Structures are given as C-alpha cells and as structure tokens.
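Colleague: Could you take me slowly through a few contacts and charged pairs in this model?

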Amino acid sequence: MIKLTNLTDDELKTIGRVIGEAFYDEGEGAFTRLDRNAAIKTFEIMTECYYRLGVLYTTSDKQEGYLAYWRKGEKLKMGRESIRMVWRLLRGLSFGSIKKLLPVLNNPYEKIYKKEADYVVISMVAVRREFQGQSFLQVLLQEPFRIAKEQKLLCVLDTDTELKVKKYISCGMKKSAETPLKGGGIMYTMERDYKNE
C-alpha cells in the first residue's frame, strides 16, 4: 500500500472523481439516491478530506484502487476536517442532495463500537473499474487487516449493498449489524475480529 502524498489539486480531484464514478456506476447503494454529478462531487470532497487527514492510500503506482483507513485511537484532526468537509458539501451541493446524503454519512459503526477504546476503521474502499474482478479488494484490505491483527483489534467498516457485503465476507469479514437508512436502503456494518483470535 502506498500513502498518497504530494498530490496536486487536479490529481486529487481526479482520484475523487474515479472513486465517485466507481460507487455511482454500480447502479445501487446509498449514493445512487443522488444524481451522478452530486455523488461524484461528494466523493471529490470526501477524498480531499481523507487526503488532508493523511489516511488516503492506493494499491500501487498504477493506483488500481483506493481506501482510507485509520485507528480510532489515533489523534487525527477529524473534527476540524469533518467540519470543513460538511461546509464544502453545503456549498457544493443542492439542498435536496444534502437531505438525501445526510443519512448516508451517519457512520453506524461509531455507535455500534463506541465502547471499544481502539479499532481500525476502513472507509471509502474503491477499485477502479478497469481493475475490478482481479482481487484488488483483498489487496486493499491487507494493510488494515495486518495492523488490526498485530494490535489485536477489531477492523470495521460500513457498506451499502448486499453485493459488497458478500465481497467483504469473502475477504474474511462478517456482518455485525444492519442499520435502516431514512429514505430507504440499509447500511451494513462489517467487522474482522482480531481482538479475540
């Protein structure tokens, strides 16, 4: 895994667009409640937030896929960046898009695992379309899984389709919760439990 650093604004925007297209073009899931342009704009903003936090990674120099991950116990400036991200979303999206987006940004894992002092969070996992079906999801998950295993922690994520749930199960995770979303759909919380292995 390669931590993304020293990106130009254009490079960062391109990565956000690629991630947004990967999510939206699946044709299902929570982000398809937005129109395509709003969904892509959302991922451009989220990608910049994760980049600024220093938690955005890619598979290799070819950038076959992307993810953001961190440990709950790390001292990230999440509050400041989250406020900045919300401000940019409010400025960049219509009121209707914001209303549809709010339930998706709720992060059910935070409530489910609030009593855990530390765990590894995986967020915004995307494999570029031209590399899908080539096991890059497993490549993306290797590093957060390794950290969770070494530190004997849970590794958690939220996902929004049953197909993604099946893919994460095939990578060794299990479904720990289902949270209905306002406006329809379900957010599935997944975990890999290295704490009790």
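The turns below go through one residue and then some salt bridges.

Modeller: This is a predicted model, in which local features need pLDDT of at least 70, side-chain atom pairs count only at pLDDT 80 or more, and totals for chains, interfaces and linings use all residues. Residues are numbered from 1 along each chain as its sequence is written, and side-chain values use heavy atoms, with hydrogens and water left out.

Colleague: Is Thr-42 buried or exposed?

Modeller: Thr-42 is found in helix α2, residues 36-53, where a helix is a DSSP run of H or I with at least four residues, numbered from the N terminus. Buried means under 20% relative accessible area, exposed over 50%, and partly exposed in between, using a 1.4 Å probe and protein chains only. Because its relative accessibility is 0%, Thr-42 counts as buried.

Colleague: Which residue forms a salt bridge with Arg-129, the closest N and O atoms being 3.4 Å apart?

Modeller: A salt bridge is a side-chain nitrogen of Lys or Arg within 4 Å of a carboxyl oxygen of Asp or Glu. Arg-129, at 46% relative accessibility, counts as partly exposed, whereas the partner, at 17%, counts as buried. The residue that pairs with Arg-129 at 3.4 Å is Glu-21.

Colleague: How many residues apart in sequence are the parts that this pair, Arg-129 and Glu-21, ties together?

Modeller: The closest N and O atoms of Arg-129 and Glu-21 are 3.4 Å apart. Arg-129 lies in the loop between β4 (120-127) and α6 (136-151) and Glu-21 in helix α1 (residues 9-24), so the separation in sequence is 108 residues.

Key
Helices (H or I, at least four residues) and strands (E, at least two) are DSSP runs, numbered from the N terminus.
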